[in-house]
Amino acid sequence: MNTIANQPLPADVQQPSYDRSALRSRIVHIGFGAFHRAHQALLTDRVLNRQGGDWGLCEISQFSGDKLFETLRRQDHRYTVLEKGAAGNQAIVIGAVHESVHRKLEGVEAVLEKLAEPQVAIVSMTITEKGYCIEPGSGRLDLQHQAIRDDLANPGQPNSVPGLLVEALRLRRQRGLSPFTVLSCDNIPENGRVVRHAVIDLAQARDADLAEWIAEQVTFPSTMVDRIVPAATPETLDEIATALGGVQDECAIACEPFIQWVVEDNFVAGRPEWEVAGAQLVDDVLPFEQMKLRMLNGSHSFLAYLGYLAGYQHINDCMTDAGYRQAARRLMLAEQAPTLSVSGIDLAAYADQLIERYSNPALQHRTWQIAMDGSQKLPQRMLDSVRWHLAHGGDYAGLALGVAGWMRYVSGVDDAGQPIDIRDPMLNALQQVVSSTPDDEQRVQQLLALNAIFGEALPKDPAFVAAVTQAYLSLRDCGARQTVQEWVSKGE
Ligand code: NAD
C-alpha cells in the first residue's frame with residue numbers, strides 16, 4: 001500500500017531530518033485528536049529537527065480512533081500537518097510519534113504497562129474538558145461520574161483518564177520507579193491544578209498513602225495552548241494529498257500557521273527543550289491562560305452560537321459580517337480584557353491578531369464544532385468574566401448575549417427553523433429543561449438553575465438573570481444577526 005512512509009514526496013514537503021531509530025517513548029500522550037497532532041507533537045518534532053535526541057511520543061487511545069491508529073501504524077507512525085496561511089501552505093511530515101497503544105486493539109493492561117515503563121518522563125493529554133470527569137462548576141473530581149464509580153469498583157481496569165493515571169502511578173510506585181510529569185494540554189483554566197485534583201481526589205478515594213505519594217512526587221504543570229486546528233474533512237484530506245504529490249494520508253490535519261504554547265516549567269523527570277521550537281517556559285501560566293480562554297475562546301464561543309443560529313457555518317463566514325466582526329472585537333476588549341491580570345501585552349493588538357486569524361478563509365473552522373460541549377466551556381470562557389463584572393460594577397451585556405446564544409442553541413432550532421444537532425455531555429439534562437419549559441422566561445431560569453454550569457450565585461443575581469433573559473427574548477424575536485448588530489450599535 002502506498003503511504004507517506006514508502007512513497008517519494010515533493011521536495012517542498014518538510015520531512016524529519018533526525019534519526020527516528022533513536023526515539024524512545026519518553027512522552028506518552030493520551031488523545032491523538034486534531035489538536036495534539038498539529039501542536040505538541042509538531043513542536044516536539046521541531047525540537048528533534050533542531051537537535052536530534054530521543055524524545056519520542058507514544059500515542060494512547062482509550063476508546064475512539066482504532067482505525068486511525070491502524071492507519072498510523074501502516075505509515076510507520078508518520079503523518080502530515082498542513083499549515084495554511086495567507087502567504088501559502090507548508091506541508092510537514094511529523095516523525096516524533098514512533099509508537100502507539102490502543103485499548104481496543106491491545107487491551108487496557110498494555111496501556112498501563114506502557115505508562116509504567118521506566119523511561120516514561122511525561123504523560124500528556126488532550127482529552128477535551130469532559131475527559132477529566134470534573135464538575136464544571138467546582139473544578140473538582142465528580143465522584144458520582146459513572147466512569148469514576150466504575151474505576152473505584154474496578155481500579156485495575158480503568159475507564160477514565162484519572163483512573164488510568166492513578167493506576168499507572170500506583171504500578172510505578174509499587175515497582176520502585178520514578179514518577180512522571182502529568183501535562184494537560186486542554187483548554188481548561190489552571191489545567192494543571194484541575195488534573196491534579198482529579199488524580200489526587202481519585203487516589204484518595206482508593207488509598208490515602210498513594211494519594212500522599214502522588215501529591216509529593218508528581219508535578220502537574222499548567223499550560224496555555226493556542227493554534228486553530230479544525231477537525232479534518234474529506235476536502236482537507238484531498239487538499240493535503242495534493243500537497244503530498246497524490247499520496248493519501250488519513251491521519252493528516254490542517255491548521256493555521258500561528259502557534260503558541262506557554263508551559264509552567266515544573267517537570268519531575270526532564271522535558272524536551274521545547275523553547276528551541278518557540279514554546280515559552282514560564283513560572284506562572286495563569287495570566288496567559290486567562291487571556292487566551294477569555295479573549296480567544298470566549299469570543300469563539302460567542303461567534304459559534306450566535307453565528308450558527310444566523311446560518312454562518314464557519315468562523316471566517318462570521319467575519320464577513322461587519323456586525324459579528326465588531327461584536328467579537330468589542331467582546332474581547334470591552335468585556336474580557338478588563339478582567340485580565342496579564343501585564344506587558346498589548347491586548348488591542350492581540351485582539352486585532354485574533355480577528356485576522358478568524359478571518360483566514362483557508363481554515364473553514366466550523367461553528368458547530370466550536371459550539372460542542374458548551375456546558376463544559378461556558379464557565380471558563382464567559383461566566384468567570386461575568387462574575388468579575390458583577391464584583392467590579394462592569395458592563396457584561398455581550399457576555400450575557402453569548403450565554404443567551406448558547407441557550408437558544410441548546411433549545412435546538414436555528415433562526416431558519418432548522419433543527420440543531422447538539423453535542424454535549426449534559427445533553428439529557430439540557431433537553432429535559434427545554435422540553436419542559438415552553439415559556440421562554442422560565443426556560444432561561446431553568447437553564448440558569450443548572451448549578452453544574454452556573455454555580456450557586458449567578459442564577460440568584462437579578463441583574464444577570466434579567467440581562468440573559470432580555471438577550472434571549474431578543475434572539476427569539478429578532479434573530480441572532482439583528483440582535484448582534486443592535487448590541488454593537490449601542491456601543492458606538
Ligand atoms: P478531537 O475531538 O480531535 O480530539 C479529542 C481527543 O480526545 C480524541 O483523541 C478522543 O479520543 C479523546 N477523548 C475524548 N473524550 C475522552 C475521554 N473521556 N477520555 C479519554 N480521551 C478522550 O479534539 P481536538 O480538536 O483535538 O481538541 C482536543 C482538545 O484540545 C480540546 O478539548 C481543546 O481543549 C484543545 N484545543 C483544541 C484546539 C483546536 O483548535 N482544535 C485549540 C486549542 C486547544
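A residue counts as near a molecule or strand if its C-beta atom, placed from the backbone, lies within 6 Å of it. The model is predicted: local features need pLDDT of at least 70, side-chain atom pairs count only at pLDDT 80 or more, and totals for chains, interfaces and linings use all residues. Residue numbers start from 1 along each chain as its sequence is written.

Around the ligand there are 25 residues, of which Gly33, Phe35, Thr128, Gly131 and Asn187 come nearest. Helix 1 (residues 34-38) gives the largest share of this shell, 3 residues. Helices here are DSSP runs of H or I with at least four residues, numbered from the N terminus.

The protein chain is assigned domain 1 (20-282) and domain 2 (286-490), with bounds from an automatic or database assignment. Their C-alpha centres lie 29 Å apart. The contact takes 21 residues from domain 1 and 27 residues from domain 2; contact means C-beta atoms, placed from the backbone, within 7 Å.

Helix 17 (residues 397-410) and helix 21 (residues 462-490) pack at about 80°, with axes 8 Å apart. Axes are lines fitted to C-alpha atoms over the stretch in contact, and angles run from 0 to 180 degrees between N-to-C directions. Helix 17 is therefore roughly perpendicular to helix 21, a term for angles of 65 to 115 degrees. Among the residues that meet are Leu401 and Met407 in helix 17 and Phe464 and Trp487 in helix 21.

The table gives residue classes.

| Region | Nonpolar | Polar | Charged |
|---|---|---|---|
| Shell around the ligand | 10 residues | 11 residues | 4 residues |
| Side of domain 1 that touches domain 2 | 10 residues | 4 residues | 7 residues |
| Contact of helix 17 with helix 21 | 14 residues | 3 residues | 1 residue |

Ala, Val, Leu, Ile, Met, Phe, Trp, Tyr, Cys and Pro count as nonpolar, Asp, Glu, Lys and Arg as charged, and the others, Gly among them, as polar.

Technical notes: Two residues are in contact if their C-beta atoms, placed from the backbone, lie within 7 Å. Helices (H or I, at least four residues) and strands (E, at least two) are DSSP runs, numbered from the N terminus. Angles under 35 degrees count as roughly parallel, over 145 as roughly antiparallel, 65 to 115 as roughly perpendicular and the rest as oblique.
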